[in-house]
Amino acid sequence: MNKEMSETLVRTGPGTPMGNLMRRYWVPILLSSEIAEPDGPQVRVQILGEKLLAFRDTEGRPGLIAEFCSHRGVSLYFGRNEENGIRCAYHGLKFNRDGQCVDVPSAPQACPRMGITAYPCIERAGMVWAYMGPADQQPAPPEVEWCNLPASHVFVSKRLQETNYLQAMEGGIDTSHVSYVHRYEVDIDPMHQGTKANDYIKADGNVIFDIEKNPFGLTLFGRRNGEPDSYYWRVTQWLFPWFTLIPPFGDHALGGHVWVPIDDHHCWAWSINFHPDKPLSDEERRDMEMGKGIHVDYEPGTYRPKANRDNDYLIDRRAQQEKRAYSGVFGFSMQDASLQDSMGPIQNHEAERLLPTDKAIVMARRMLHEAALGLAQGIEPPALDATMQHVRAAGVLLARDLDPTEWAKAHLADGKNQPVYSI
């Protein structure tokens with residue numbers, strides 16, 4: 001990837017081509033539980049390079065406003081959340097969830113010119129989402145399957161990743177690495193163990209890909225040998241611009257991710273497990289809360305993983321030698337994150353030498369790049385129609401002469417009305 005394309009893709013701050021593109025979609029901001037109480041403590045958040053403040057007002061509505069008071073630039077984090085607004089502790093200016101200044105004690109007539117940036121918010125799947133783009137171009141709320149299920153059916157977590165969003169998201173797009181970095185953990189992890197899929201994944205590391213470009217993003221067909229008369233297909237979905245849906249394992253919960261830039265060197269990696277048609281069991285939820293599967297254990301009081309760059313991700317060389325952890329790092333997410341972090345905060349894309357298994361990554365980069373440059377020329381971005389998100393990932397055995405793309409059109413395009421295809 002040349003320098004111009006790389007710079008376009010990795011820079012997401014205000015006014016950048018990629019930043020402008022991402023602001024055209026609903027953006028996950030924080031967990032609803034982080035601002036659980038009406039008039040409770042406000043929370044600093046940084047998204048797409050913007051320093052913001054999230055809070056829940058007196059009527060229980062989430063708000064997202066600029067962190068700093070328009071008067072003298074004081075952080076409203078130190079203000080008072082009361083009576084449907086945040087009041088600056090320095091001179092008493094008050095701002096509501098729409099960013100309007102509703103009180104200037106020393107000069108009431110100044111209210112109309114003292115407003116600050118604010119973004120409309122909604123709540124889905126226990127997450128607060130915001131629309132940060134032009135007000136007259138706000139799309140419909142997201143309809144990824146897990147967004148609108150009952151709370152009992154879904155578990156959502158987030159973790160800080162100390163890299164650019166792109167190299168993190170590309171790990172979610174790339175399914176070939178499963179045969180290597182995760183090959184021992186799948187046998188013992190409670191959300192992956194005991195499935196035939198594990199046998200196929202470990203037996204055949206030479207994945208062959210077919211990639212289909214769709215209006216919503218990409219469908220990735222990863223082919224491994226199955227039975228003598230069949231192939232095992234892992235069908236991953238990448239939903240533009242930042243969702244991935246993971247092929248399921250047996251009867252375990254389905255999974256997915258969202259990769260959201262904090263700034264150019266950090267991102268939030270959201271991890272989601274869900275059952276489409278039943279609640280998660282108490283055991284499943286307990287395992288997820290303990291950081292099993294695609295979730296993590298945290299440093300106390302933070303969303304930073306306990307295994308992090310400061311402690312070499314708790315790498316265990318003996319476990320590596322004893323074939324208990326392929327890379328010596330435990331936990332699916334941290335196995336990925338440790339390797340992605342090792343590339344540096346922003347990978348040197350000019351130095352990489354890609355392989356055939358990277359085809360989906362190349363296509364995703366091109367889609368993002370073309371959309372970002374196109375938007376600058378007035379071309380509407382792709383996948384703004386939320387109904388395009390009604391797809392599902394799958395794991396399936398298909399006869400060797402069967403076209404997986406045709407099978408997917410019939411069984412995955414409207415996934416909500418289909419059974420779960422898993423092995």
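1. In this predicted model, K202 counts as partly exposed, at 24% relative accessibility, and its salt-bridge partner D187 is likewise listed as partly exposed, with a relative accessible area of 37%. Their side chains meet at 2.4 Å, N to O; D187 lies in the loop between α3 (165-173) and α4 (196-203) while K202 sits in helix α4, so the pair ties together parts that are 15 residues apart in sequence.

2. Salt bridges that share partners also join D57, E59, R61 and R97 into one network, and a search of the whole structure finds 26 salt bridges.

3. E34 and K158 form a salt bridge in which the closest N and O atoms are 2.9 Å apart. This pair links distant parts of the chain, with E34 in the loop between β1 (26-31) and β2 and K158 in strand β12 (residues 154-161), 124 residues apart. E34 is buried, with a relative accessible area of 19%, a value that falls under the 20% cut-off, and K158 is buried at 2%.

4. A salt bridge also brings together the side chains of R392 and E145 (2.5 Å, N to O). Because R392 lies in the loop between α8 (359-376) and β19 (394-399) and E145 in the loop between β11 (127-131) and β12, the pair ties together parts that are 247 residues apart in sequence. R392 counts as buried at 4% relative accessibility, and E145 counts as buried at 8%.

5. Turning to the strands, 4 of them form an open sheet with antiparallel pairing, in the order β2-β3-β4-β9. β2 (43-47) and β9 (118-119) stand at the edges, each with a single partner strand, so one side of each is left without a neighbour in the sheet. Strand β4 (residues 62-66) pairs with β9 over 2 bridges in the antiparallel sense, and L64 stands opposite Y119 in β9.

Technical notes: Residues numbered from 1 in each chain as written. Predicted model: local features only at pLDDT ≥ 70, side-chain atom pairs only at ≥ 80, totals over all residues. Heavy atoms only, no water. Pairing = 2+ DSSP bridges. Salt bridge = Lys/Arg side-chain N within 4 Å of Asp/Glu carboxyl O. Buried < 20%, exposed > 50% of the residue type's maximum accessible area, 1.4 Å probe, protein only.
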